[in-house]
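Please look over the sequence and the model below. The paragraphs after them go through the cavities and then one sheet.

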Amino acid sequence: MKEIMKTLVRTGPGSPTGQLLRRYWVPVLLSSEIAEPDGPQVRVKIMGEQLLAFRDSEGRPGLISEFCSHRGASLFYGRNEDNGIRCSYHGLKFDILGRCTDVPQAPQVCERMAITGYPCIERAGMVWAYMGPKDQQPEPPGVEWANLPDSHVFVSKRLQECNFLQAMEGGIDTSHVSFVHKFEVDNDPFHQGVKALDYIKKDGNVVFEIEKHDGGLTLYGRRNGEPESYYWRITQWIFPWYTLIPPFGEHALGGHVWVPIDDENCWAWSINFHVDKPLSAEERHHLEAGRGIHSPYVPGTDVPGGSFRPLANKDNDYLIDRVAQKERRTFSGVFGFSAQDASLQESMGPIQDHEQEKLLPSDRGIVMARRMLHEATVGLDQGQRPPGLAPRTQHVRSAGVLLPREQSPQDWARDHLVYGEGDPVYSL
C-alpha cells in the first residue's frame, strides 16, 4: 500500500499518475490572470512543469514552457507581441503552441527550435490545458458548471500546501461536516434557513453506501432524518479530480477541482453556481469576500501569477481562536470552511504516511477513489483507456434529499441525478 500511495501523489512528467492526469483537461489559471491580448505573461506551475501562460494578439490563451530552447533563458522576460512571445536574449519567437516562428540568426532552423506547448480552452472563467498525447485529446469537460453562462458561475482558486490527493479526499468525505464545520454553518450566508443542518448536527454517525460508475463514484451518506425517513447527502466524485458538494436549500451549488502544482502542493479550485439563473449581486458580494467555500488571501498574492495564498495559513496557525472554540462559535478554533479543511489536511504533512492510518467504515469512499486512481494508472500503462473522459460520464449532480427508510437511494439517484436542461436540483 505504501508504494501504491507514493505512486498516486507523484505527478511530475513521466510519472505514472502524472501521465494519467495529463489525459484530462487541466484547469491552469483564471482567465483574468491573462486578461488582455499581448498583455503580461505569467508563470504557471502544473504537475511539476514550469510553464508560461499568455494571451496572444488575437486573444487566444497559450501555455508553453517557460524556457527558450536556444540557451534556456526564461521567456517570462520576453515580449508578448504579434501573436507570440519573443525571447529577450536572442530574439527567438514562440506561438501559443510552442512552435518557433522566428529565429533571427538562422530562420531555416525554426521548426527544430520548438518548445513544449499545450492547447488551451476557456470555460467558466478558467483557462484549461490538455497536457497529454496529441492524438488522445478528449472533448472539453462535461461538468455542469463549466458549461453554464458566466453570469451563473463564480470561481476562485487558492494554494493548498499538501498533495492533491490529500486535499481531494476531504472533498470526498462528507462525514467531517458534522464536526469541523458544525458551528460555522450557523452564520455562513450560503447555509441560512436550511433544514438539513439539523440532521447534520444531530447525527455524526454517517453510514455510507457507495456506487462506482463510468465517471467516478457516487457517495451516499445516510443520517437520521424525520421519524420515517433518512436524510441522504449525495456527493459526487468525478474522475480524476472533481468533487460536487451536496446543495443546501435554494443556495448556490458548490464544487471543487484539485489540481497538482507539484507533489507537495495543489490548487484548490472552488466553484459556486446556479444551473438556471445568474448569481445575485448579494451572492457575488459574499463570494468575492471569500465567504462560503472560498477564501480571503494574503494581501498582494491574488494577482496574475501570484500564489493566491489564503490569509489563514500554516505560518499563522490558520488564525486559530481558542476563545471562539470554547464559546462554540467554531469547532476547531479556525474560521472559514476552506481554512478549516486546509488546517487539518495540511497538518498531516505535505504527503501523509498512509501506513499509519487506521481507517474507519466511513472512509470507504476514500479507499475506493484511491483504488480507482491506481487501477486507472496501471491500466493506462497496459494500454487501457482512462475512465471519465467522455463528457456524458460527467453529467451528474449532487443532492440532499429525505427518502423513506425503505427506499433505495441508488434507485432514486439513477432517476434524478443525471442532469439535463430543465431537470430540478434536489436539496433541503
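How many cavities of 30 Å³ or more does a search of the whole structure find? In this predicted model, the search finds four.

The largest cavity has a volume of about 450 Å³. It is lined by 30 residues, and those closest to its centre are R233, I245, F248, H256 and I293. To place the lining along the chain, look for the elements that give two or more residues to it: α3 (164-172), β15 (229-238), β17 (253-262) and α7 (337-347). Both helices and strands are therefore found in this group. Sorted by class, the lining of the largest cavity has twelve nonpolar residues, 13 polar residues and five charged residues.

Now turn to a sheet. Strands of a sheet pair through backbone hydrogen bonds, and the pairing is either parallel or antiparallel. Here, three strands form an open sheet, and their order is β1-β11-β10. The pairing in this sheet is antiparallel. Which strands are at the edges? They are β1 (25-30) and β10 (120-123), each of which pairs on one side only. On average, neighbouring strands of the sheet are turned by 35° against each other, with direction ignored.

One pair of this sheet can be followed down to single residues. Strand β11 covers residues 126-130, and β1 and β11 pair in the antiparallel sense over five bridges. To find a point on this pairing in the model, start at V26: the residue that stands opposite V26 is A129 in β11.

Conventions:
Residues numbered from 1 in each chain as written. Predicted model: local features only at pLDDT ≥ 70, side-chain atom pairs only at ≥ 80, totals over all residues. Heavy atoms only, no water. 1 Å grid on protein atoms, 1.4 Å probe; cavity = no way out; pocket = protein on both sides within 12 Å on 5 of 7 lines; lining within 4 Å. Points joined across faces, edges and corners; volume = space filled by probe spheres on them. Helix = DSSP H or I, 4+ residues; strand = E, 2+ residues; numbered from the N terminus. Nonpolar A, V, L, I, M, F, W, Y, C, P; charged D, E, K, R; others polar. Pairing = 2+ DSSP bridges. Axes fitted to C-alpha atoms, helices over the stretch in contact; angles between N-to-C directions.
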